[in-house]
Amino acid sequence: MTTKKSSTPPASSILHVIAENLQPSVDGGRFPVKAVPGETIHVTADMFRDGHEKFAADLLYRRKDEKKWRRMPMRFVDNDQWAGEFTVNVIGFWEFTVAPVIGAGLKPTPITGEIRSVRVDPKLTEHSAWYEMFARSQGTVSGKSATFADMEKRLPEIKALGFDVLYLPPIHPIGTTKRKGKNNSLEAQPGEPGSPYAIGGKKGGHKSVHPELGTLKDCQKFFDRCHKLGFTVALDYALNCSPDHPYVKQHPDWFYREKDGTIKCAENPPKRYEDIYPLNFFCKDRNGLWRELKSIVDFWIKMGVTIFRVDNPHTKPFVFWEWLISEVKAKRPDVAFLSEAFTRPKIMKRLAKIGFDMPYTYFTWRETAQELREYLEELTQQEPSLYMKPIFFPTTPDILPWHLQNAPREMFMIRFALASTLVGSYGIYNSYELCENIPFPDKEEFLNSEKYEYKVWDWNRAGNIKDFIQTINRIRQDHPALHQLKNLTFHDCDNPKILAYSKAAGDDVLLFVVNLDPSHVQSGSVTLELESLGLDGVPNFGVHDLLSEERYAWSGSRNYVELNPPKQVLHILKIDRF
């Protein structure tokens, strides 16, 4: 009978200190935590050992391109949890871990635990004001496209309104085959320009510009002017091909086929796009296709574009976006990607996890105080805040929500105020400042949308809210409290038509009280969370309304408010301690 040898007991190395549950973490470390320069990363870990000998713990962190770790002592919290923090100061990839400090002299030990990643993105992913300029609608001649020169003339006004990102829907050639007509009709009439999302024609594809707008040289001049005025340029990255796109002839194998051999048109149920052919990302020439699609991004980066608003990313493979974004950010971490995915929540979150800097959100359809509060608490205080930097758009070229249809200007002011103060990044689609509100019957869409026709706007027409927009953007620029995402606190109000919330950064503390009803006076008592306002133990304090310039003396946690549209739809109150 052979006696089986026992295994060798493990050598005693670091007194069996165990580190687990390292946070923050996204899907157990599968994806990086997102941050911006200047943000503090709060780290916790559960650390314990066998026996009773004491130990301490260090937080280790570094940029991913650094060889040496930086060490920071952690503090014991309770129940075997340790905590520490470090601040990231440059964009790019960072990483962190923890290590025990043991022995009589409490000497540092080698790293034995897991390593977590942090991706530090440009500050504009958390704080920016976008103006969506529909390129061909910036002119003054009816039935004719604007040019880059016409677009350039509008830039000083848009800058004066306080915007810092100039976002352009597609500016490429548009196909003629199966071109959509006015109001998305299936057949375009002579002279109708078609949808700019049906990209590609005889004059080129994704690396070309529509000849009615000008030349690539004209485009470069326009971008240079944007940069000189302080704009960051964002461009649509819409991987759509019209039947006339050069790819269709050059690479017919890049497209899906129907049973009869014809190329399949695009669908995003319930919508169908007869004028667009979707790409087959897993065709036989997958490597060639993917390299070409990345080259489009590279081309426009060289032209001066550093933000790409990606059209319908949820209808393309996740693995492609994860590859593309990581490839681009490896060399250009300053480039940002916005996910235009009005889709199911888990898909929206997955897109953020795999690399998209910013997602469109459901703000567009959140109307009541309770809906807004629940949604914003999820975005700013719960798990999605680790990897999502949301952007709020009240409308888009495709969406005119029910509450803005035929609505008074006060409703446009209310939704603008919410979008621009609840989170750090927001945007408006041109004509929002004009309170454009005429819907297509029974749809959440605009009637006579410029997406399918030439448009000439009177940018100063009666009833516009440009002064209101300019004032709030100035407040956003002047107050650090509005430059962050996670510093949002809600305050109870006994009137459900009023939403109250605050944002604080050091001594800069702002309280917002918004009347969600555009047509009636609403009043009530707001119960303040005094600690979040820095007022715990302060019996009396002042509030200064940054919109009306009125000042009020308040006391305690419960105070009365009244808002009377159209005179005033909200208070923006600066807290002044006596």
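# Worked exercises on a predicted model

Let's start with a sheet: four strands sit in the order β1-β3-β7-β6, forming an open sheet with antiparallel pairing. Two strands count as paired if DSSP finds at least two bridges between them, and the elements are DSSP runs numbered from the N terminus, with helices being H or I of at least four residues and strands being E of at least two. This is a predicted model, where local features need pLDDT of at least 70 and side-chain atom pairs count only at pLDDT 80 or more, while totals for chains, interfaces and linings use all residues. Residues are numbered from 1 along each chain as its sequence is written, and side-chain values use heavy atoms, with hydrogens and water left out.

**Exercise 1. Find the edge strands of the four-stranded sheet, then look at how β3 joins β7.**

Step 1. The edges are β1 (18-23) and β6 (75-76), each pairing on one side only.

Step 2. Now go to β3 (residues 40-48) and β7 (residues 81-87): they run antiparallel and are joined by seven bridges.

Step 3. To pick out one spot, look for Val 43, which stands opposite Gly 84 in β7.

**Exercise 2. Do the same for the eight-stranded sheet.**

Step 1. Read off the order: β18-β17-β16-β13-β12-β11-β20-β19, an open sheet with parallel pairing.

Step 2. β18 (358-359) and β19 (391-392) are at the edges with a single partner strand each, so one side of each has no neighbour in the sheet.

Step 3. Inside this order, β16 (residues 307-311) and β17 (residues 336-340) run parallel and share five bridges. Ile 307 has Ala 336 of β17 as its bridge partner.

**Exercise 3. Work out how helix α2 packs against α1 and against α4.**

Step 1. Two packed helices are described by the angle between their axes and the distance between the axes. Here, axes are lines fitted to C-alpha atoms, for helices over the stretch in contact, and angles run from 0 to 180 degrees between N-to-C directions.

Step 2. Take α1 (residues 148-160) with α2: the angle is about 5 degrees and the axes are 9 Å apart. That makes the two helices roughly parallel (under 35 degrees counts as roughly parallel, over 145 as roughly antiparallel, 65 to 115 as roughly perpendicular and the rest as oblique).

Step 3. Who touches whom? Contact means heavy atoms within 4.5 Å. Phe 148, Met 151, Glu 152 and Leu 155 of α1 meet a group in α2 that includes Asp 218, Cys 219 and Phe 222.

Step 4. Now α2 (residues 216-228) with α4 (residues 286-303): the axes come within 10 Å and cross at roughly 60 degrees. These two are therefore oblique to each other.

Step 5. In this contact, Leu 216, Cys 219, Gln 220 and Phe 223 of α2 meet Phe 299, Trp 300, Lys 302 and Met 303 of α4. By class that gives six nonpolar, one polar and one charged residues (Ala, Val, Leu, Ile, Met, Phe, Trp, Tyr, Cys and Pro count as nonpolar, Asp, Glu, Lys and Arg as charged, and the others, Gly among them, as polar).

**Exercise 4. Hunt for empty space.**

Step 1. Get the terms straight. On a 1 Å grid over the protein atoms alone, a cavity is a set of points where a 1.4 Å probe fits but cannot get out, while a pocket is an open set with protein on both sides within 12 Å along at least five of seven lines; lining residues have an atom within 4 Å of a point. Points are joined across faces, edges and corners, and a volume is the space filled by probe spheres set on the points.

Step 2. The largest pocket has about 1,300 Å³. Its lining has 50 residues, with Asn 268, Pro 269, Lys 271, Tyr 273 and Asn 312 closest to the centre.

Step 3. The second largest pocket holds about 320 Å³, and β3 gives the largest share of its lining, five residues.

Step 4. As for cavities, the whole structure has four of 30 Å³ or more. The largest cavity holds about 120 Å³ and is lined by 14 residues, among them Arg 136 and Pro 170.

**Exercise 5. Spot the backbone oddities.**

Step 1. Most residues other than glycine have a negative phi, and most peptide bonds are trans.

Step 2. The bond from Gln 23 to Pro 24 is cis, with omega near 10 degrees; Pro 24 is in the loop between β1 and β2.

Step 3. Lys 178 is not a glycine, yet its phi is positive, about 55 degrees.
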